[in-house]
Amino acid sequence: MRIGKRSLKQEIIVTEGPRKNMPRLLVSVILALAFTVRASFAQQEDVVWVQIEAQPSLSQAQNVIRKYASQLQDVNGFSLGGGWYGIALGPYTREDAETVLRVYRRDNLIPRDAYIAFTSSYNRQFWPVGANLLTSAAVVAGSTPSEPAAATSVVAQPAAPLETTLPDETPREARASEARLTRDEKKELQSWLKWAGFYNSSIDGAFGRGTRASMSAWQGANGYETTGVMTTFQRAALKKQYNAVLEGLDLQPVTNTDAGIEVSIPTGVVALESAEYPFVRYAPSGDIDAQVVLISQAGDQTTLFGLYDIMQTLDIVPLDGPRERKNDSFVLVGEDANRISHTEVSLQRGEIKGFTLVWPAGDEERRRRVLSEMRSSFTRIDGVLDPAVGAEAVQDIDLLSGLEIRKPKLSRSGFYIDNAGTVVTTAEAVGSCQRITIDEEYVAELVGLNEQLGVAVLKPSAALSPLGVATFRESTPRLQSEVAVAGYSFEGILGAPTVTFGTLADLSGLQGEQELTRLALAPLPGDAGGPVFDTGGAVVGMLLPKSNGTSRQLPEDVSFAAQSTAIRALLGDAGYSAASGDAIGAMAPEDLTLHASEMTVLVSCW
């Protein structure tokens, strides 16, 4: 009795119908019968596999493959070469593999980036232990429709090659084929050997003793005779190993005539989202959180330098990483716990063009290879992006040309206490910061901290020249006298500090704390760290944040400040001094506001 193609396909389609949650056991039983069913029709179709993962070590691959084997049928493990190990389902016909891929992806049994692979991609099988399905797969491909479907009869058939392969060569023939390689092809071969870990010298296209030794080492590691001269087939096998890491990414050349750029990008994981001058954005299209941004605009060196500064404010360029700016180009590398961003831009003949690649952290091999392909393929063609492109897009204060602007984790207020730009702020503003900035522009470091008092001292990385500095009041202010707090109430949204007026309610805290004063005013969270002034413009303290650690809810207009004497003591301990004195007379509110704005700063934690 002959079994037609419809048997396997129809059964799997059952799982794609209305009952999408049909028990996995049925799918497993169907797939377990695949070998016997497909023996009757595999003659006309290639035998393929569904590759679901690749791991950089055998131990990691064995740990992962056990988890898959406990849930799925037809799980196999193969060496990929170059120290990588693949986990695959199969073997299947192409049609069966596509169905399996679709069903298992839908049911979240395999990763979304799983893909169909050919037998030629795999070397020695390591799972199941003792199995050798690479030979069996070839046998299945060579069977005829009239043969019995029993597994024993399949195994007994003589093996037939799965696909046409390059013929192997004698050492003499290998030398002759090698001699026909161009210098660039020889360099490419050396780079493949270096990637595989067998070559550690310069890429010069000269096959000396070092290159010959690396060839022998690769041959030995891959089961070939160690002649030191690679055959055409062996060079193709090494190239396949080198490119295996890119499978599923679908690197394809893309031409964007609007931007005037040609470049190869991983179209398997990103897709065109939108264009908004001067960026063309390719967003993630699957499970890999990758992005590509093409950059194109007309301009000169001033435009280029401005773009260099702007790019570093974008969320796609993390804070940490090397930066390099030259007269006609720049490179930005940003890295955090989740991603790595690489930007390259250059100026040529009045046109500024480049790209940004954003790739998940921890996937360095693929990121490096994709970046290399993008750099080598990047080509300028006529034209730059029209400034009107994207003008109709919805405007958002948090976006720059469609790209999200990086925001600090927290922003509070502070104030200058000397002419070198030393700043006093609240301790709340500097906790767990990767970076601290003053007015979002100047990087600062923490040089003093009193957590009990809630006061921190910052020193800018480069000396600043403030318009004004604080003068701390020496005498005790009068109870119920007017005070004013200057601060960035809305955490920098307004771009300038505001002044909140109130009164001095007490010279100590609620529990009699002598280092605190109680104020009758209602500030916002962003005001914390700002200076508290008397009517003459002298600083009587620093506003502290509202306490969130107590179950007792205080009235809205009850606030506290660290007294000026306690702040001056902290500055002295840190090796800094500040001016002190008593103001004569009262300032008009508008003059006090101007006086406060000259010394009050925005402190941001990134």
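**Helix packing, strand pairing and odd backbone angles**

Q: At what angle do helix α9 (residues 183–195) and helix α10 (residues 209–221) pack, and how far apart are their axes?
A: In this predicted model, α9 and α10 pack at about 55 degrees, with 11 Å between their axes.

Q: What makes α9 and α10 parallel, perpendicular or oblique to each other?
A: Roughly parallel needs an angle under 35 degrees, and roughly perpendicular runs from 65 to 115. The angle here is about 55 degrees, which falls in neither range, so α9 and α10 count as oblique. As for handedness, the crossing of α9 and α10 is left-handed.

Q: Which residues make the contact of α9 with α10?
A: From α9 come Leu189, Gln190 and Leu193, and from α10 come Thr211, Ser214, Met215 and Trp218. Sorted by class, that's 4 nonpolar, 3 polar and no charged residues.

Q: How is the packing of α9 against α11 (232–244) described, and what is the relation called?
A: The angle between α9 and α11 is about 55 degrees, and their axes lie 10 Å apart. That angle is outside both the under-35 range for roughly parallel and the 65 to 115 range for roughly perpendicular, so this pair is oblique too. The crossing of α9 and α11 is left-handed.

Q: Which residues of α9 and α11 touch, and how do they divide by class?
A: On the α9 side we have Leu189, Trp192, Leu193 and Trp195; on the α11 side, Arg235, Leu238, Lys239, Gln241 and Tyr242. The split is 6 nonpolar, 1 polar and 2 charged. Leu189 and Leu193 of α9 turn up in the contact with α10 and in the contact with α11.

Q: How do you know whether strand β14 (residues 351–360) is mostly covered or mostly open?
A: Count the residues that fall under 20% relative accessible area, the cut-off for buried. In β14, 9 of the 10 residues are buried, which makes the strand mostly covered.

Q: What makes β14 a paired strand, and which strands pair with it?
A: Pairing takes at least two bridges. Strand β10 (residues 291–298) and β14 have 8 bridges, while strand β13 (residues 339–348) and β14 have 10, so both pairs pass the cut-off. β10 runs antiparallel to β14, and β13 does likewise. Glutamate 351 of β14 stands opposite alanine 298 and is the bridge partner of glutamine 348.

Q: What happens at arginine 349, in the hairpin of β13 and β14?
A: That hairpin has 2 residues between its strands, and arginine 349 takes a positive phi near 50 degrees there.

Q: Why are β4 (115–118) and β5 (125–127) called edge strands?
A: The open sheet has 5 strands in the order β4-β1-β3-β2-β5, with antiparallel pairing. β4 and β5 each pair on one side only. From one strand to the next, the twist averages 45 degrees.

Q: How do you know that strand β1 (residues 47–55) pairs with β4?
A: There are 4 bridges between β1 and β4 against a requirement of at least two, so the two strands count as paired. They run antiparallel, with valine 50 standing opposite isoleucine 116 in β4.

Q: What is notable about the peptide bonds before proline 91 and proline 128?
A: The bond joining glycine 90 and proline 91 is cis, with omega about 5 degrees. The one from tryptophan 127 to proline 128 is cis as well, with omega near -10 degrees. Most peptide bonds, by contrast, are trans. Proline 91 sits in strand β3 (residues 84–93), whereas proline 128 lies in the loop between β5 and α6 (133–141).

Q: Why do aspartate 250 and glutamate 440 count as buried, partly exposed or exposed?
A: Partly exposed covers the range between under 20% and over 50% relative accessible area. Aspartate 250, at 40%, lands in that range, so it is partly exposed. Glutamate 440, at 44%, is partly exposed too.

Q: What is the phi of aspartate 250 and of glutamate 440, and where are these residues?
A: Most residues other than glycine have a negative phi. Aspartate 250 has a positive phi of about 55 degrees and belongs to the loop between α11 and β6 (251–256). Glutamate 440 has a positive phi near 60 degrees, in the loop between β20 (436–438) and β21 (442–450).

How values were computed:
Residues are numbered from 1 along each chain as its sequence is written. This is a predicted model: local features need pLDDT of at least 70, side-chain atom pairs count only at pLDDT 80 or more; totals for chains, interfaces and linings use all residues. Side-chain values use heavy atoms; hydrogens and water are left out. Axes are lines fitted to C-alpha atoms, for helices over the stretch in contact, and angles run from 0 to 180 degrees between N-to-C directions. Angles under 35 degrees count as roughly parallel, over 145 as roughly antiparallel, 65 to 115 as roughly perpendicular and the rest as oblique. A crossing is left-handed if the near helix is turned anticlockwise from the far one by less than a right angle, and right-handed if clockwise. Contact means heavy atoms within 4.5 Å. Ala, Val, Leu, Ile, Met, Phe, Trp, Tyr, Cys and Pro count as nonpolar, Asp, Glu, Lys and Arg as charged, and the others, Gly among them, as polar. Buried means under 20% relative accessible area, exposed over 50%, partly exposed in between (1.4 Å probe, protein chains only).
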